[in-house]
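Me: I have a structure open here and have not looked at it before. Can you walk me through it?

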Amino acid sequence: MSSADAFLQRLGLRYPIIQAPMAGVSTPEMAAAVTQAGGLGSLGLGALSVERAREQIHAARELTTEPINVNLFCHCSAGRDSGRELSWLGHLAPYFAEFDARPPDELREIYRSFVGHDEMLEMLCMEQPAVVSFHFGLPGREVVQRLREAGCMTLACVTSLEEAERAESEGVDALVAQGIEAGGHRGVFNAERDDGIGTLALVRLLVARTWLPVVAAGGIMDGAGINAALQLGAAAAQLGTAFVLCPESAADAAYRERLKGEGAHHTRITAAISGRPARGLVNRFHEIADDTALPDYPVAYDAAKALHAAARAAGNHDFAPHWAGQGAPLARELPAASLVGKLAEEMQEAQRH
């Protein structure tokens with residue numbers, strides 16, 4: 001049995017389809033619907049407290065007994081620099097003023113990393129989700145081993161062969177190969193070192209040079225794209241932007257309208273929103289960054305959220321972080337289960353030709 005077949009069999013998936021764990025967009029309802037339809041649903045827990053993360057897992061389990069993937073952020077803790085943070089707030093002040101608002105007096109480190117987060121680890125070992133995946137890096141070999149001993153399959157998002165080899169050495173079960181086309185935050189371990197490899201090239205590289213199953217992620221929106229990734233040796237494909245328009249997603253009306261409009265044809269990567277590079281529908285944040293040094297992730301994100309809140313209160317969505325990949329114009333407004341079924345049909349059709 002190939003590693004790809006073993007990957008699908010271990011999770012009991014009917015289709016090699018994974019819904020990306022989009023923090024702030026994924027919901028227990030969406031994850032459960034995808035899983036019930038034969039794919040692997042995911043929850044983005046990286047921005048949540050331990051209690052909120054547990055609640056999300058329990059909510060999904062009330063809807064399905066099938067496997068669910070939960071995703072954690074493994075970024076380095078922010079290096080706090082009050083001078084840099086105040087300088088960035090000063091740089092943003094004119095934008096706040098457009099909405100008769102002022103920047104916050106200080107910024108917070110709004111998300112805690114899973115690295116060294118013993119309480120979150122203990123909760124996961126107790127709840128035993130089928131899959132635990134990592135973004136922005138790795139939690140350490142001992143943590144990976146603890147999760148595997150608890151019965152959890154572990155996945156690591158990687159953007160290069162170097163990151164893949166490190167993940168393999170730390171004992172993860174599979175790799176999520178995130179290409180430059182992907183929406184949302186780049187999973188690079190070090191945001192200063194990004195080779196920007198495309199999805200298909202990265203999949204082939206990792207299939208050829210590592211032993212682990214590889215999940216293709218980035219720019220894949222339909223069954224033909226999934227089939228192309230499988231032909232290159234991927235065990236499955238992970239789709240995020242494709243699920244944003246599903247009624248089960250937490251995307252708000254403004255996000256949905258932009259994704260259905262001309263704006264979907266224009267995505268770019270910027271670090272100005274959160275402090276780490278992320279691809280989204282082009283907005284005014286893509287114009288903001290200049291030579292002013294950004295605060296570290298996720299401290300910069302606290303400023304962005306405050307500016308977005310001020311703009312939104314005035315009915316303006318020009319500063320909203322509407323994450324989306326390069327395939328965004330192909331997004332479809334379907335219930336999550338129907339989308340999985342459609343993807344499977346398209347994939348099978350592509351295999352016949």
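Me: What is the strand order in the open sheet of eight strands?
Reply: This is a predicted model. The order in the sheet is β1-β9-β8-β6-β5-β4-β3-β2, and the pairing is parallel.

Me: Which strands stand at the edges?
Reply: β1 (17-19) and β2 (41-44) do. Each has a single partner strand, so one side of each has no neighbour in the sheet. From one strand to the next the twist averages 25 degrees.

Me: How many bridges join β3 and β4?
Reply: Five bridges, in the parallel sense, between residues 68-73 of β3 and residues 131-135 of β4. One of the residues involved is N69, whose bridge partner in β4 is V131.

Me: What holds paired strands together in general?
Reply: Backbone hydrogen bonds, in either a parallel or an antiparallel arrangement.

Me: Changing topic, backbone oddities. Where is there a cis peptide bond?
Reply: Between Y297 and P298, with omega at about -5 degrees. P298 is in the loop between α11 (285-288) and α12 (299-313). Most peptide bonds are trans.

Me: And phi, what is the value for D100 and for F136?
Reply: For D100 phi is near 55 degrees, and for F136 it is near 75 degrees. Both values are positive, in residues other than glycine. Most residues of that kind have a negative phi.

Me: Are those two buried or exposed?
Reply: D100 is exposed, at 78% relative accessible area, and lies in the loop between α4 (82-97) and α5 (118-127). F136 is buried, at 2%, and lies in the loop between β4 and α6 (141-149).

Me: How many aromatic pairs are there?
Reply: The count is nine, taking ring centres within 6.5 Å as a pair. Among them is Y95 with F319: the centres are 6.1 Å apart and the planes are at 75 degrees, so the pair is edge-to-face.

Me: Where do Y95 and F319 lie?
Reply: Y95 is in helix α4 and F319 in the loop between α12 and α13 (336-351), so the pair ties together parts 224 residues apart in sequence. Both Y95 and F319 are buried.

Me: What about F99 and F319?
Reply: Those two rings are also an edge-to-face pair, 6.0 Å centre to centre with 90 degrees between the planes. F99 is buried at 15% relative accessibility, and F319 at 1%.

Me: Which residues form a ring cluster?
Reply: F73, Y111, F136, Y297 and Y301 are linked by ring pairs. K305 lies over the face of Y301, 4.3 Å from the ring centre.

Terms used
Residues are numbered from 1 along each chain as its sequence is written. This is a predicted model: local features need pLDDT of at least 70, side-chain atom pairs count only at pLDDT 80 or more; totals for chains, interfaces and linings use all residues. Side-chain values use heavy atoms; hydrogens and water are left out. Two strands pair if DSSP finds at least two bridges between them. Helices (H or I, at least four residues) and strands (E, at least two) are DSSP runs, numbered from the N terminus. Axes are lines fitted to C-alpha atoms, for helices over the stretch in contact, and angles run from 0 to 180 degrees between N-to-C directions. Buried means under 20% relative accessible area, exposed over 50%, partly exposed in between (1.4 Å probe, protein chains only). Rings of Phe, Tyr and Trp (its six-membered ring) pair if their centres lie within 6.5 Å; planes under 30 degrees apart count as stacked, over 60 as edge-to-face and the rest as tilted. A charge sits over a ring if NZ of Lys or CZ of Arg is within 6 Å of the ring centre and within 35 degrees of the ring normal.
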